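The following report walks through one protein chain, beginning with a strand pair and widening to the chain as a whole. Please keep the sequence and the structure in view while reading.

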Amino acid sequence: MPEASASEQPAPSPVGEEYEVEIGPVAHGGHCVARTEQGQVLFVRHTLPGERVVARVTEGRTDSRFLRADAVRVIEPAKERIEAPCPFSGPGRCGGCDWQHVKPGGQRRLKAEVLTEQLARLAGMTPEDVSWDGTVEPAPGDKVAPGEVPAWRTRVHYTIDAEGHPGLLKHRSHEVQRIDHCLIAAPGVDELGIETRTWPQIASVDAIAATGSGDRQVVLTPRPGGRLPLVELNREVSVLRVGEKDRAVHRVHGRDFVRERADDRTWRVGEGGFWQVHPQAAELLVDAVMRGLTPRKGETAIDLYCGVGLFAGALADRVGEKGAVLGIESGKRAVADARKNLADFPRVRIEQGKVEKVLPRTGITEADLVVLDPPRTGAGRGIVESVAALGPRRIAYVACDPAALARDLAYFTRAGYRPRFLRAFDLFPMTHHMECVAILESAAKGA
């Protein structure tokens, strides 16, 4: 077999090389931008805009568009920098938190900068264009002093290492960082004591602590051929397992759902299904969406990607007996939960399937209100155009990714809808993530 020519050889890897650099602006993804002396872009974690640091390359090749790196030594720190409260945070350690080294207010300002940049780059919009005051709002109770960490995460995914010890994955890695305590884990998760025991033959443990009820649940994923251990935790808990062949979730002990509270109702969420992770997120988002939509008695509404029915239920309660609500959700178990959760609303219908396939099949040609809470990738141009074609009075778009939000706002603009206002919420402290609610109305008709 002939040897590859020099031009066919892969470019050398600079992983491990160190550069002293000036740190530029924050970027979407929990890192900041810098450049090497040769002009190659570095995405640097564990740093802040304006700092001078030594950055060690962690990923990429000399011909890559950019390299990834960690700030391993800070030469000139920014004023917002603090000592990371978590002992497992830092270069080469747990990848769960991006901003442990930043004062809480500084974290929110970084997120605001990211949202502003994404709106400008992907939607051609300024904060004024979307009627956003430029702030990322903390959840009530999450305002903490520098060096303190709000314990907010009600759902934690623990990866189990080869020796059975629980931990969290390192950044962009399958390597496990062992931990004995996660600072952002909610008290209901922490009290289970998952980190205090070993988990032989288990690949991962998902811990869930419901908000507004005492329900606690663990979902175990065994290693191939592994057997479930006898689960003895520090408080009563229901146990589910992921099947090795079908990957479905099966009940082992206790209920196969947890009960969550929001908008003065109890919501059944089954088999480790989706619910907002921050204990106040569901309440905050429902309030923001309903304030923005101002539902009226007798209106018709559609809730796309409706999950277990949170927004559909809030809409049904407000449009009354003469109104009607359609929810569309792809997950079979979530649909079953939504139908049970909303069984007392006879004018609510929940359809199962992908939004892009189900919505045209419904035969609905108009609606007064629409809520979209799509996955992280966003709704996309096709669904945006389908929603705009319904001519709703107002649309609420709930987004967990600023890039997807900006792209879809651009599509809505082309489809004749403009943002009435936008709010951003810091519902993932210590990470780069945020949640946004945009309320849109017809550019031709107004509200």
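Strand β5, made of residues 52–59, and strand β6, made of residues 66–76, pair in the antiparallel sense through seven bridges, and within this pairing Arg 52 stands opposite Glu 76 of β6. The model that shows this is a predicted one. Both strands belong to an open sheet of six strands, arranged in the order β1-β5-β6-β4-β3-β2 with mixed pairing. Because β1 (18–22) and β2 (26–27) stand at the edges and have a single partner strand each, one side of each is left without a neighbour in the sheet.

Further along the chain, strand β17 (residues 300–304) is mostly covered, since four of its five residues are buried. Strand β17 is joined in parallel to two strands, which are set out below with the residue pairs that face each other.

| Partner of β17 | Bridges | Residues standing opposite |
|---|---|---|
| β18 (residues 324–329), parallel | five bridges | Ile 302 and Leu 326 |
| β20 (residues 369–372), parallel | four bridges | Leu 304 and Leu 372 |

The link from β17 to β18 involves a helix: β17, helix α4 (residues 310–319) and β18 make a right-handed β-α-β unit. As a general point for reading such strands, the side chains in a regular strand alternate between the two faces of the sheet.

Strand β20 appears again in the surroundings of helix α8, where the elements that cover the buried residues of the helix include β20, α1 (104–123), α7 (381–389), β21 (394–399), β22 (417–426) and β23 (435–442). The residues of α8 that are buried are Pro 402, Ala 403, Ala 404, Leu 405, Ala 406, Asp 408, Leu 409, Ala 410 and Phe 412. In an α-helix there are 3.6 residues a turn, so residues three or four places apart point the same way. The length of α8 can also be checked: at 1.5 Å a residue, its 13 residues (402–414) should span 18 Å, and the end C-alpha atoms lie 19 Å apart, which agrees.

Two aspartates in the loop between β15 (257–262) and β16 (265–270) deserve a separate look, and Asp 263 is one of them, while Asp 264 is found in that loop as well. Phi of Asp 263 is near 55 degrees, a positive value in a residue other than glycine, and phi of Asp 264, likewise positive in a residue other than glycine, is near 60 degrees. Which of the terms buried or exposed applies to Asp 263, and which to Asp 264? Asp 263 has a relative accessible area of 12% and is therefore buried, the cut-off for this being under 20%; Asp 264, at 73% relative accessibility, counts as exposed, for which the cut-off is over 50%.

Taken as a whole, the chain holds eight helices and 23 strands, and its C-alpha trace spans about 65 × 60 × 55 Å along the principal axes. A compact globule of 447 residues would have a radius of gyration near 22 Å, and the chain has 24 Å, which agrees. Of the 447 residues, 53% count as buried, and the accessible surface comes to about 20500 Å², with 48% of it belonging to carbon and sulfur atoms. Among the contacts in the chain with a separation of 6 or more, 62% come from residues 24 or more positions apart.

Methods: Residues are numbered from 1 along each chain as its sequence is written. This is a predicted model: local features need pLDDT of at least 70, side-chain atom pairs count only at pLDDT 80 or more; totals for chains, interfaces and linings use all residues. Side-chain values use heavy atoms; hydrogens and water are left out. Buried means under 20% relative accessible area, exposed over 50%, partly exposed in between (1.4 Å probe, protein chains only). Two strands pair if DSSP finds at least two bridges between them. A crossover is right-handed if, with the strands pointing away from the viewer, the path from the first strand over the helix to the second runs clockwise. The radius of gyration is taken over C-alpha atoms; the globule rule is 2.2 Å times the number of residues to the power 0.38. Contact means heavy atoms within 4.5 Å. Accessible areas come from the Shrake-Rupley method with a 1.4 Å probe; for residues, only the protein chains shown count as cover. The expected span of a helix is 1.5 Å times one less than its number of residues.
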